[in-house]
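Visitor: I should like a close look at one part of this model, with the account then carried into its surroundings. Please give it as one connected description.

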Amino acid sequence: MELINPRSLLFVANLLGMLCALVLWVQARSFPDDIEGLRDWAKAVFLIGCASGLASMRGILPDAVTIIAASGMLLLGQFLLVIGLQRYSGKTPYWRPTLDAIGAVLIIITWLTYGTHNYQGRIFIMALAHIGFFSFGALLAWQAEPKGFGSRFLGIAFLLGVAIAVWRLVTLPVVVDDADVTLDYELVQQLYLGVFSLGILGLSIGFIMLTNERLRVELEFMATRDPMTGALNRRAFFSRAEVEWARSMRSRRALAVITSDIDFFKKVNDTHGHHVGDLVIKDFAHRAAQMLRFPDILARFGGEEFVILLPDTGMAEARQVAERIRHAIGTHRDKALPPYTVSLGVSIAQGNAGQAADVEALIAEADAALYRAKQGGRNRVES
Ligand SMILES: Nc1nc2c(ncn2[C@@H]2O[C@H](COP(=O)(O)OP(=O)(O)OP(=O)(O)O)[C@@H](O)[C@H]2O)c(=O)[nH]1
């Protein structure tokens with residue numbers, strides 16, 4: 001039964017491949033370099049599109065082009081999809097073993113085309129290769145970060161590819177040998193090709209969604225974080241602090257703020273250099289963050305000055321946290337860094353009369369306590 005001309009399907013796959021390759025290429029050019037894999041995908045989809053275009057010329061161009069070259073491009077394209085996903089996930093791709101395997105498959109395909117004229121054998125070996133690439137692709141897509149809709153969509157698109165290739169294997173016995181004479185008009189082969197053409201589109205959309213989600217996560221991170229330490233920036237701190245403030249005022253539960261400043265930090269810079277100064281700042285941010293729990297937040301307000309917000313935390317508990325940080329910084333140290341100490345100021349609000357009227361006032365109170373800690377000799381906590 002002729003549902004749709006297989007030649008037309010392959011031609012559509014060719015056009016879709018070219019268009020998807022163009023979109024992926026444009027996307028690759030406008031994306032930050034650390035989101036890798038888009039260029040591989042553009043090349044992959046281009047190759048798969050070309051393979052479909054060549055295959056649509058069956059009976060017009062020689063078999064060496066429409067079968068051997070087309071199969072080679074198809075396999076290389078599918079391999080590049082996997083390579084792109086590996087690069088996207090920060091894994092180092094291994095080219096050699098798979099390229100050797102593709103070479104071996106092409107030699108077998110050539111033998112099956114010119115030697116034994118075995119159409120079923122050719123479909124069998126190509127379906128096996130599709131299953132291998134698509135299974136690996138599904139696994140990589142499922143593991144890819146962020147694990148959002150894009151990663152799931154892509155994983156399912158790859159799994160559909162596996163299912164179709166398995167189905168093609170199962171239905172192999174009904175393939176008639178003369179199907180190879182021009183093009184296979186069997187319904188199963190038409191569906192195979194049809195789904196395959198749409199598959200290029202589905203996979204490309206999936207990967208574009210995945211990379212867009214990664215970009216959104218990165219932009220969000222950049223907009224809310226201090227790039228050097230990964231702590232929240234001032235703006236993100238205030239947007240979270242305002243929410244916690246409102247909650248605290250409504251529920252009358254205490255909200256604590258700790259401000260901290262590394263002691264004699266100018267001396268660290270002057271003695272060991274700015275680079276070591278930066279390492280000390282990062283060390284402080286890392287170790288202070290380890291001493292906090294959800295939903296506490298740590299923000300870098302500038303230089304060596306950090307602010308910590310502790311929701312649902314009273315004065316005694318907040319002082320304990322500050323003491324723990326001071327003690328940890330002053331006693332355990334990274335051997336690669338000079339010893340240093342930190343002074344901290346603590347303040348709380350609970351919506352009572354006479355207490356801070358807003359977050360800024362609460363921070364100003366903690367700053368005043370921090371100033372007293374500095375005046376009192378440093379390496380201490382004041383409230
Ligand atoms: N390495 C490095 N230094 C910074 C950074 N931002 C600010 N600084 C330096 O940090 C120092 C801050 O010193 P001050 O706050 O004036 O005083 P201090 O030496 O820490 O002394 P006290 O706070 O009084 O104990 C200045 O020398 C700044 O140049 C940064 O991102 N990296």
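**Loops and the helices beside them**

Guide: Arginine 378 is located in the loop that joins helix 12 (359-375) to strand 5 (381-382); helices (H or I, at least four residues) and strands (E, at least two) are DSSP runs numbered from the N terminus. The model is predicted, with local features requiring pLDDT of at least 70 and side-chain atom pairs pLDDT 80 or more, while totals for chains, interfaces and linings use all residues. Residues are numbered from 1 along each chain as its sequence is written. Arginine 378 has a phi near 70°, which is positive although the residue is not glycine.

Two other loops contain a cis peptide bond. In the loop between helix 10 and strand 2 (297-302) stands proline 295, and the bond that leads into proline 295 from phenylalanine 294 is cis, with omega near 5°. Helix 10 (274-290) also takes part in the shell around the ligand, where strand 1 (255-262) and helix 9 (265-272) likewise give two or more residues. That shell has 16 residues, and those that come nearest to the ligand are Asp263, Phe265, Lys266, Gly277 and Gly303 (a residue is near a molecule if its C-beta atom, placed from the backbone, lies within 6 Å of it).

Proline 146 occupies the loop between helix 5 and helix 6 (149-170). The peptide bond from glutamate 145 to proline 146 is cis as well, with omega near -5°. On one side of this loop, residues 123-141 are 100% helix and 0% strand, and the C-alpha atoms at their ends lie 26 Å apart. On the other, residues 153-170 are also 100% helix and 0% strand, and their end C-alpha atoms are 26 Å apart.

Helix 5 (residues 119-143) packs against helix 3 (residues 63-88): their axes come within 9 Å and cross at roughly 15° (axes are lines fitted to C-alpha atoms, for helices over the stretch in contact, and angles run from 0 to 180 degrees between N-to-C directions). Helix 3 is therefore roughly parallel to helix 5 (under 35 degrees counts as roughly parallel, over 145 as roughly antiparallel, 65 to 115 as roughly perpendicular and the rest as oblique). On the helix 3 side, the contact involves Ser71, Leu75, Gln78, Phe79, Leu81, Val82, Leu85 and Gln86, and helix 5 contributes Met126, Ala129, His130, Phe133, Phe136, Gly137, Leu140 and Ala141; residues are in contact if their C-beta atoms, placed from the backbone, lie within 7 Å.

Helix 5 has a further partner in helix 4 (residues 96-115), whose axis comes within 9 Å of that of helix 5 at a crossing of roughly 160°. Helix 4 and helix 5 are therefore roughly antiparallel. Here Val105, Ile108, Ile109, Leu112 and Thr113 of helix 4 face Gly121, Arg122, Ile125 and Ala129 of helix 5.

Towards the N terminus, helix 1 (residues 6-30) and helix 2 (residues 38-55) pack with axes 7 Å apart, at an angle of about 165°. Helix 1 is thus roughly antiparallel to helix 2. Among the residues in this contact are Leu10, Ala13, Gly17, Leu24 and Trp25 of helix 1, together with Trp41, Val45, Phe46, Gly49 and Gly53 of helix 2.

How values were computed. Contact = placed C-beta atoms within 7 Å.
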